[in-house]
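Thanks for opening this one with me. Here are some notes to read beside the sequence and the model.

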Amino acid sequence: MLVFANPTFLWALTAAAIPLMLHMFQRRRTVVTPFPTLRFLKAAQKRSSSRVRFENFLLWLLRTLLLLVIGFAFALPVLRSATGGSWLSRTRRDVAIVIDASYSMNYELDRGKVFAICKDAAVSIVNGLFAGDRVCVYVAGDTPLPIIEKPTTEHATVVQAIQALACQHGSSKLDDAVALALRTLEQQDGRREREVYILTDGQALAWQGFREAPPDEAADDSGRVRITREQRDKVSFFALLAGALQPDNTCPTDVKVSPALMLAGQTARLNVRVGRTGTAKQIAVAVEVGGQERGRRSIMTEADTEASVDFVLSGLEPGVHVATVKTPQDALQEDDDFQFLIRVRKQLPVLIAGPQDATRYLKAALAPGADDESVKQVETPELAQIDLRDYQALFLCDAFPLDGQTILRVEEYAKNGGVVVVFPGYRAEAGAYAELKVLPAFPSGVIDIPVDMAARPLRRIPNKEGQVVTFTLPLPPGTVPTVALKRVVTLGELEENAAVLITAGDDQPFMAGRAVGRGRVFLFTVGANRDWSTFPLTAFFLPVVHQLIRQGAGASVQPPHLTLGTHLPVNEAVPNYRDDDAITMPSGLPLQIKDGGNRTFFIEDLPEPGIYTRAKTGAAEPEPVLAVNTDRFESRLTPASEEELAEWTGFKKLLSAHDPEEMLRLIDEHRNGRSLAEIFLWIALVLALLEWWVANRALRSQVGATEKMTVDSAGKVVTS
């Protein structure tokens, strides 16, 4: 709407009547010239009168317009984009400021980091408010964070809160923060103009929620606050896109370590993914282990895509190694490093429970040397005093029946990633095994095999599509292991996530497996000694047992790295976690471990990137247990255009700027209007020049009546 900042000068528009009055009361001066024949003068005067009247009308029109335009210019006309203003007062406002706090806001420009630029712009917006204007501040992160939750007129307090803000480590969801800010503004009383300022780097990823959100609903099934169509149409939105128009960034995005289970003497292979935003570029990628560089490769990264590079690491000693992938430093240094852990084990600790006669062959196969401490054999009652989490695999050889407390501990051990292998025996009836609910199938009885049917070839059942538990031990070419069966356990129906992996002949199950939680449970239908079969004496016995241990160990291996904000059970991330373990974050603060009951502990949120350490009771030094990195989707700095933002958001009134100065100018035009005084003054200048030209032309073209008369060839006087 058009308003006037100095409406008093509108009275000056009455001066436009002066040219009219001058033209109306101006008397034409008559020049008397004695001439005998007056009819020639009258004819000349009649022919020129119409042109004179037109020139006078044009001069009057130009002079009137000139005075009108000058009057409008001094009245200071202002074109406002918002309604509700008046000529004599300013409209009060409720303002919400949403600041993007994702780590991409740390991008370094010539004038400083984008986050600092946005904070300074927010302070300027607050300082530009009037005393009655109210303001609230929200930070857009993975979840919206209210800094000043309710709009307040205490502008100094708001400025202090903004200046104290720090950039977060995660990503940002602008739609959630804007929706929460709009709901807060709607809850305020009074008729005020509402304005929302979104201060961000212009990265397209932060606006993703606007494209996915239903535009016409206030909330979806998840309960998240949504932006309504009425809010999109009536509220004025301003977006400061302070990031680089053509960002340039390179970062490691992912690292895969193989094999998943590393033993001493093995070679580690790393597959590193490198992301690129910007034009194609040749970069160097380095790998450090324990602070020392162990490899460097140069690769060519294409524009706005990812590249892959492989490294080989050998000679790693047993222990937990902190490794880092590095790319050259650029404008966004927060994502130049990617940390992960390489766990190298000297051996796989195994616990064997059962009587001596049932465990003799298994103990000899796994620990042929008397000094091998990786294998421990105990009697069944001793299981109650042993912490099973210290062992990678638990073998139960003729160990049933078990008491109820031991059954619960074995089941918990399997669900948390342990390997349980069960060999039947003579001590218990088939029904005693049913107490262990994690078995792949429950024994239904025991049968003796006739001597003439004892020889059976062992066959590995091919893995089916979608099968959870698998067995992939390859057999030597042309070799079919054969065992002589004496007694076997018959099995009932297979349980969920269970499968028969090896058969003795065509129809006799020999070994079944089941995936339970993160662990694996295997059940043989023969015992671990010679009384049931010749299996312990075959060359196939040791490879099968080792395969079971490694397969289960691979399933329970802790990941080499995690992502910021991950929610997970502690046992999936921290090996052999105990209640009295103290886990420390990279900042030195303790990590909060939640107790879910029934001895289940979980990490609700990983709040910081870096290396987390664990201090065990009695241990000399803390050990690294977690490597946490930021979600590298935030490193995709592809900017969004103003046209895309208008389409994604659906905001009817959206004004965007790429620097704070332009933003303040847009705010001034929105709040105070765009002054048209300069335009009117230029129009006045053009009208003045046009009036001068027309007036001078009219004076030069005025010719006397006698000058218009000529004498023709016949001697007659004629008028031209």
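The points below go from the whole chain to its cores, rings and sheets.

1. **Ground rules.** This is a predicted model, in which local features need pLDDT of at least 70 and side-chain atom pairs count only at pLDDT 80 or more, while totals for chains, interfaces and linings use all residues. Residues are numbered from 1 along each chain as its sequence is written, and side-chain values use heavy atoms, with hydrogens and water left out.

2. **The whole chain.** The protein chain has 14 helices and 39 strands. These are DSSP runs numbered from the N terminus, with helices (H or I) of at least four residues and strands (E) of at least two. Of the 720 residues in the protein chain, 47% are buried; buried means under 20% relative accessible area, exposed means over 50%, and partly exposed lies in between (1.4 Å probe, protein chains only). A contact means heavy atoms within 4.5 Å. Among contacts between residues at least 6 apart in sequence, 72% join residues at least 24 apart.

3. **The largest core.** A nonpolar core is a set of buried Ala, Val, Leu, Ile, Met, Phe, Trp, Tyr and Cys residues joined through side-chain atoms within 4.5 Å. The largest one here has 44 residues, and the members that touch the most others are Leu366, Phe395, Phe510, Met511, Phe524, Phe535 and Val544. Helix H10 (residues 541–555) supplies the largest share of this core, five residues. Which residues does Phe395 contact, leaving aside its neighbours within four places in sequence? They are Val350, Leu351, Ile352, Ala353, Leu362, Leu366, Val421, Phe423, Val545 and Ile549. Another core, of 39 residues, lies apart from the largest one, and its members include Val139, Ala244, Leu332 and Leu666.

4. **Aromatic pairs.** Rings of Phe, Tyr and Trp (its six-membered ring) pair if their centres lie within 6.5 Å; planes under 30 degrees apart count as stacked, over 60 as edge-to-face and the rest as tilted. By this rule there are 11 aromatic pairs. Phe423 and Phe524 are stacked, at 4.4 Å centre to centre with 5 degrees between the planes. This pair links distant parts of the chain, as Phe423 belongs to strand S21 (residues 419–423) and Phe524 to strand S28 (residues 519–524), 101 residues apart. Phe423 counts as buried because its relative accessibility is 1%, and Phe524 is also buried, with a relative accessible area of 1%.

5. **An edge-to-face pair and a cluster.** Phe535 and Phe541 meet edge-to-face, 5.0 Å centre to centre and with 85 degrees between the planes. Phe535 counts as buried at 0% relative accessibility, and so does Phe541 at 2%. Both belong to one aromatic cluster with Phe423, Phe510 and Phe524.

6. **Charges over rings.** A charge sits over a ring if NZ of Lys or CZ of Arg is within 6 Å of the ring centre and within 35 degrees of the ring normal. The charged end of Arg211 sits over the ring of Trp648, 3.9 Å from its centre. Arg487 has its charged end over the ring of Trp532, 5.8 Å from the centre.

7. **A six-stranded sheet.** Two strands pair if DSSP finds at least two bridges between them. One open sheet has the strand order S7-S6-S3-S8-S9-S36, with mixed pairing. Its edge strands, S7 (145–152) and S36 (653–657), each pair on one side only. Strand S6 (residues 134–140) runs antiparallel to S7, joined by four bridges, and Val137 stands opposite Ile148 in S7.

8. **A four-stranded sheet.** Another open sheet of mixed pairing has the order S29-S35-S34-S31. Strand S29 (562–563) and strand S31 (582–584) each have a single partner strand, so one side of each is left without a neighbour in the sheet. Strands S34 (residues 610–615) and S35 (residues 623–629) pair in the antiparallel sense over five bridges, with Thr613 opposite Pro624 in S35.

9. **A covered strand.** How many of the 10 residues of strand S12 (residues 268–277) are buried? Seven are, and the strand is mostly covered. S12 pairs with strand S10 (residues 249–258) in the antiparallel sense over nine bridges, and Leu270 in S12 is the bridge partner of Val257. Eight bridges join S12 to strand S15 (residues 306–313), also antiparallel, where Ala268 stands opposite Leu313 in S15.
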